[in-house]
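User: Please take a close look at one strand of this structure and follow it outwards into whatever surrounds it. I would like one connected account rather than a list.

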Amino acid sequence: MKMRNFWHSDRDFSRTNILILLGFLVAFGIWIPQTQAGEIPRPVLTIHADHDAYPHSFQIGDQPSGLFYDLLQDFTTRHQISLSYRLRPLKRALEDTLSGNSGFIGIDTHTIPQGFLVSNRIISSRLYAVSARRAPLDIRSIDDLEGLQVGLMRGIPMFRERTGINIDVSYFNSTRQAVALVLAGRLDVALIQCGDTQNNALKFRAGLDNADLDRLTLHNNPILEIDSHLFLPDTPANRDIMAKFNTYLAVTRTGGQLDDILHSYDNTALGRTWLVYYSPD
């Protein structure tokens, strides 16, 4: 009896024959689905950031947001990198970074040791003084804080040793707590990190309404400027990521997209998650 041609395409070529054919191909390594063995796994970038640094890094509910998150989302999407972005109180974010294999994005606290790669400057973070309107103060520089009781976020460097200024600093885990103590008269000044979006930052981070803002003075001169960077453990994979990130950073800065992202938080962009701005070509 004549055997049926296995490759014949007539109507009685059954599903069983198809499965048998695929079984042979897989068994002999001729065909492997790309979604299983043929797919190259993406590198993973795990980053910690300050949860209380509006507009650079913050969260709405459980959703991360801010300039740093926008940048890393766009960067990792375009370079096919998986991003794990974790918001923590600043001090804890730094501790988690140093105790594991993760990176950190945010202000240079001078606590991250050798063995980490440091990106080019992303943006400067500014600290501004907030005081109660009922007790008028003229604060234009760090020298004007001498003799005052000052509230500051844990992890932010003040360098009392460098300045030689007598500043009575109390450290807190949130801007909300420090500003509440200013309003209650238990602190003279709270220093908040808010870039160029002072009023929005104060309302968002301290949970204030317009009546609360009217009881406060937000001093216009920055007390301290601290550069922000991306810090990654020094590994061959991270060296490649860092080189790509610095190139990406240069393109977004030159093209104005970095400023566009920051200014998008000036008014009513608190509900926004992330946007794609960058085109490498």
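Analyst: In strand β5, Leu 87 is the bridge partner of Ala 49, and this pairing is a convenient place to enter the region around β1, bearing in mind that the model is predicted. Strand β1 covers residues 44–50, and it is joined by seven bridges to β5, residues 82–88, with the two strands running parallel. Three bridges also join β1 to strand β6, residues 103–107, and here too the strands run parallel; within this pairing, His 48 stands opposite Phe 104 of β6. Strands of a sheet pair through backbone hydrogen bonds, either parallel or antiparallel. As for its surroundings, β1 is mostly covered, since six of its seven residues are buried.

The side chains of this region lead into the largest nonpolar core, which has 29 residues; the members that touch the most others are Ile 47, Leu 71, Tyr 85, Ile 105, Ile 122, Leu 230 and Phe 245. At least two residues of this core are supplied by each of β1, α3 (67–78), β5, β13 (224–233), α9 (236–254) and α10 (257–263), and the largest share, six residues, comes from α3. Ile 122 shows how such a member is surrounded: leaving aside residues up to four places away in sequence, it touches Phe 68, Leu 71, Ile 105, Ser 228, His 229, Leu 230, Phe 245, Leu 249, Arg 253 and Leu 258. Apart from this core lies another, of 25 residues, which includes Leu 127, Val 150, Val 189 and Ile 223.

Helix α3 deserves a closer reading, given its share of the core. Its twelve residues reach 17 Å from the first C-alpha to the last, close to the 16 Å expected at 1.5 Å a residue. Ten of the twelve are buried, so the helix is largely enclosed by the rest of the structure. The buried residues of α3 include nonpolar ones such as Leu 67, Phe 68, Leu 71, Leu 72 and Phe 75, but also Asp 70, Gln 73, Asp 74 and Thr 76. Just after the helix, Gln 80 takes a positive phi of about 55°.

From α3 the aromatic rings offer a further way through the interior. A pair of aromatic rings is described by the distance of the centres and the angle of the planes. Five aromatic pairs are counted. In one of them, the rings of Phe 75 and Phe 245 have their centres 5.4 Å apart and their planes at 85°, so the pair is edge-to-face. Because Phe 75 lies in helix α3 and Phe 245 in helix α9, this pair ties together parts that are 170 residues apart in sequence. Phe 75 is buried, with a relative accessible area of 0%, and Phe 245 is likewise buried at 0%. Another pair brings the account back to β6: the rings of Phe 104 and Phe 231 have their centres 6.1 Å apart and their planes at 35°, so this pair is tilted. It links distant parts of the chain, with Phe 104 in strand β6 and Phe 231 in strand β13, 127 residues apart, and both Phe 104 and Phe 231 are buried. Returning to the helices, ring pairs also link Phe 75, Phe 245 and Tyr 248 into a cluster.

The end of β1 leads in another direction, towards Ser 57, which is found in strand β3, residues 57–60. The side chain of Ser 57 reaches the backbone oxygen of Asp 50 at 2.5 Å. Ser 57 is buried, with a relative accessible area of 1%, and, not counting residues up to four places away in sequence, it touches Ala 49, Asp 50, His 51, Asp 52, Ser 65, Gly 66, Phe 68, Tyr 85 and Leu 87. These neighbours include Ala 49 and Leu 87, the bridge partners with which this account began.

Strand β3 also belongs to an open sheet of three strands in the order β2-β3-β4, with antiparallel pairing. In this sheet β2 (52–53) and β4 (63–65) stand at the edges, each with a single partner strand, so one side of each is left without a neighbour in the sheet. Two bridges join β2 to β3, and Asp 52 stands opposite Phe 58 of β3.

Definitions and conventions. Residues are numbered from 1 along each chain as its sequence is written. This is a predicted model: local features need pLDDT of at least 70, side-chain atom pairs count only at pLDDT 80 or more; totals for chains, interfaces and linings use all residues. Side-chain values use heavy atoms; hydrogens and water are left out. Buried means under 20% relative accessible area, exposed over 50%, partly exposed in between (1.4 Å probe, protein chains only). Helices (H or I, at least four residues) and strands (E, at least two) are DSSP runs, numbered from the N terminus. Two strands pair if DSSP finds at least two bridges between them. A nonpolar core is a set of buried Ala, Val, Leu, Ile, Met, Phe, Trp, Tyr and Cys residues joined through side-chain atoms within 4.5 Å. Contact means heavy atoms within 4.5 Å. A polar contact is a pair of N or O atoms within 3.5 Å; within protein, one must be able to donate a hydrogen and the other to accept it, and residues adjacent in sequence count only if both atoms are side-chain atoms. The expected span of a helix is 1.5 Å times one less than its number of residues. Rings of Phe, Tyr and Trp (its six-membered ring) pair if their centres lie within 6.5 Å; planes under 30 degrees apart count as stacked, over 60 as edge-to-face and the rest as tilted.
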